[in-house]
Amino acid sequence: MSQTSNPTQQRTFAQKFRKNYIGWLFIILSVLGISLFYFYPMVQALLLSLQSGMGSTLEYVGLDNYVRLFNDPTFITALTNTILYLLIQVPVMIVLALIFSVLLNDPTLKFKGFFRTAIFLPAVTSLVAYAVIFKYLFGNDGLVNDFLLNMNLVSEPLNWLSDPFLAKITIIIAITWRWTGYNMIFYLSALQNVDKSMYEASKIDGASAIQQFFFITIPLLKPIILFTSIVSTIGTLQLFDEVMNITSGGPGNATMTISMYIYNLSFEYTPDFGYAATVSYVILILVVILSFIQFRVAGDRD
Amino acid sequence: MKQIKRVFTYLFLSVAALVSIFPFIWMLISMTNKSVDVTSGRLIPGTHFIENLNKLLDQTQIGIALWNSFLIAVITTVLTLLIGSLAGYGFEIYRSKGKDILFNILILSMMIPFAAIMIPLYRLFGQISADAPLIGLDTLAAAFLPTIITAFFIFFFRQNTKMFAKELVEAGRIDGLGEWGIFFRIYMPTMKTTYAAAAIIAFMNSWNNYLWPLVVLQSPEKQTIPLLISNLGAGYTPDYGVIMTAIVIATLPTALVFFLMQRHFVAGMMGSVKG
């Protein structure tokens, strides 16, 4: 009896061991890759942030770089701008995307496919390509000004790119154009899984369309709204391509973002990798804090 | 009342659709016009497309840039899919406590903004430049290496592997297939749709990537399409017709992928959320 069970046991053990060991082989490349290209640079950036110097001559300066942040007007401008983009652009875009998705979810609506495709289309363009197009559209003699002048909405061309306030608005309009359709697709697919009877029941109870939106649609879409707002927050905190190609951060530093400042510190000005790494840690800290807050605010149910 | 609401809905959606499409129409029209006509706001197709195209080919290295972008995107897509699906499969099929913890650690890397690791990465590639010139700074390899292994695709493939019938793995073992054989001969063919969706995302990300190539690629003959367009757009005397032609060419691949594979496209975007 024992003679027959022993080899079987051994075989299952060997099989199990082999299965386990092979399992590690499947994931080893990814583990090494992510460690090398994400975690190792994270640690390096932390060490760099404690050093200062030009180019490759760096020496440890403790927390000096972090102190410098508070006295650096360009950093404060970049931080304020980035947060401003975040606070205005993300909510506007999410509300717009929600409105589009609710309107397009109406089964009696005609040309639904056309509207959906059209509004999603901006999401297929490359960030650089659309940024260059927006730069021209919003130029002094660009089509946006032509349109506004022809409609008699303004008496003279607006300086969309060279006025500090309008330049920020241009960036916000551009990002909203690019990403609203993208977010809409997420809400649309979530809405398709919503039980239609809930709307019918609430209709019988006398709920208006607006009440339905706030008391049924929004709560049901909460997880996906949370997901998209975290993704958009992380994206906006890293905003670079658009600002670089529409305004180059100007006029002055009026549209400068944190990512652009990091780039400038490293590759445009005399390179100061240590301080640039310090600024980059600010983005990381913001991502962690803001994601945590969003989870807290929206994710309390789970 | 209901009728008015209807009209308003159509009006609102039409305006939104027009605003969304207009830049595309404008770039298609401007591609066929002279630079002066583009600046004067001409919205009628012209006859200068061939002229613009010839200028683009003569004055810029668009051919090389297209080839670089294409090469990088194809290699990135193949490697991303292979490595990502191996890991997604490995984490789900050979589940263990240790691997689950490791998985959660890897997922954390999705929170790391690229700007935060860009400088150490740049220095890393700078350091290996001397010893390994083929993957050092200013090589195409440097432009794609840090992008091929991402937690996103591991997560994406793991989520989709949850829907893969695990009995197929057992059936493969009984049929005498090795563990690798099961992956390559059963899993891969069964998961074609997942691979298609992932391929679209990986290709698009690579094709449109700007910041990292901007940092590592310096010489003009290493330029990718986004770098070329960015340089053209920043020029002091831009030829708008030529730039628009370049932008249309750059947008064409992703727009084609979208129109030909709309379902996979959307499925790919959703993949990261379901489950």
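**Helix packing between chains A and B**

In the predicted model, helix 5 of chain A and helix 14 of chain B cross with left-handed geometry. The contact between helix 5 of chain A and helix 14 of chain B is made up of eight nonpolar residues, one polar residue and no charged residue. Helix 5 spans residues 127-137 of chain A, and helix 14 spans residues 240-260 of chain B. Their axes come within 10 Å and cross at roughly 150°. Angles over 145 degrees count as roughly antiparallel, and helix 5 of chain A and helix 14 of chain B are therefore roughly antiparallel to each other.

On the chain A side, the residues in this contact are Ala129(A), Val132(A), Ile133(A) and Tyr136(A). Helix 14 of chain B contributes Tyr240(B), Ile243(B), Ile247(B), Ala250(B) and Thr251(B).

Across the interface as a whole, 63 residues of chain B are in contact with 67 residues of chain A. The side of chain B that touches chain A comprises 48 nonpolar, 12 polar and three charged residues.

For chain B, an unreviewed UniProt entry annotates residues 7-29, 64-89, 101-122, 134-157, 194-212 and 240-261 as "transmembrane region". Among these segments, residues 64-89 of chain B are 100% helix and 0% strand in the model, with the end C-alpha atoms 37 Å apart. Residues 101-122 of chain B are 77% helix and 0% strand, and the C-alpha atoms at the ends of that segment are 30 Å apart.

Note on methods. Residues are numbered from 1 along each chain as its sequence is written. Chains are lettered from A and ligands numbered from 1 in the order in which they are written. This is a predicted model: local features need pLDDT of at least 70, side-chain atom pairs count only at pLDDT 80 or more; totals for chains, interfaces and linings use all residues. Two residues are in contact if their C-beta atoms, placed from the backbone, lie within 7 Å. Ala, Val, Leu, Ile, Met, Phe, Trp, Tyr, Cys and Pro count as nonpolar, Asp, Glu, Lys and Arg as charged, and the others, Gly among them, as polar. Axes are lines fitted to C-alpha atoms, for helices over the stretch in contact, and angles run from 0 to 180 degrees between N-to-C directions. Helices (H or I, at least four residues) and strands (E, at least two) are DSSP runs, numbered from the N terminus. Angles under 35 degrees count as roughly parallel, over 145 as roughly antiparallel, 65 to 115 as roughly perpendicular and the rest as oblique. A crossing is left-handed if the near helix is turned anticlockwise from the far one by less than a right angle, and right-handed if clockwise. UniProt positions are given in the numbering used here, feature names are shortened, and annotations may be inferred rather than shown by experiment.
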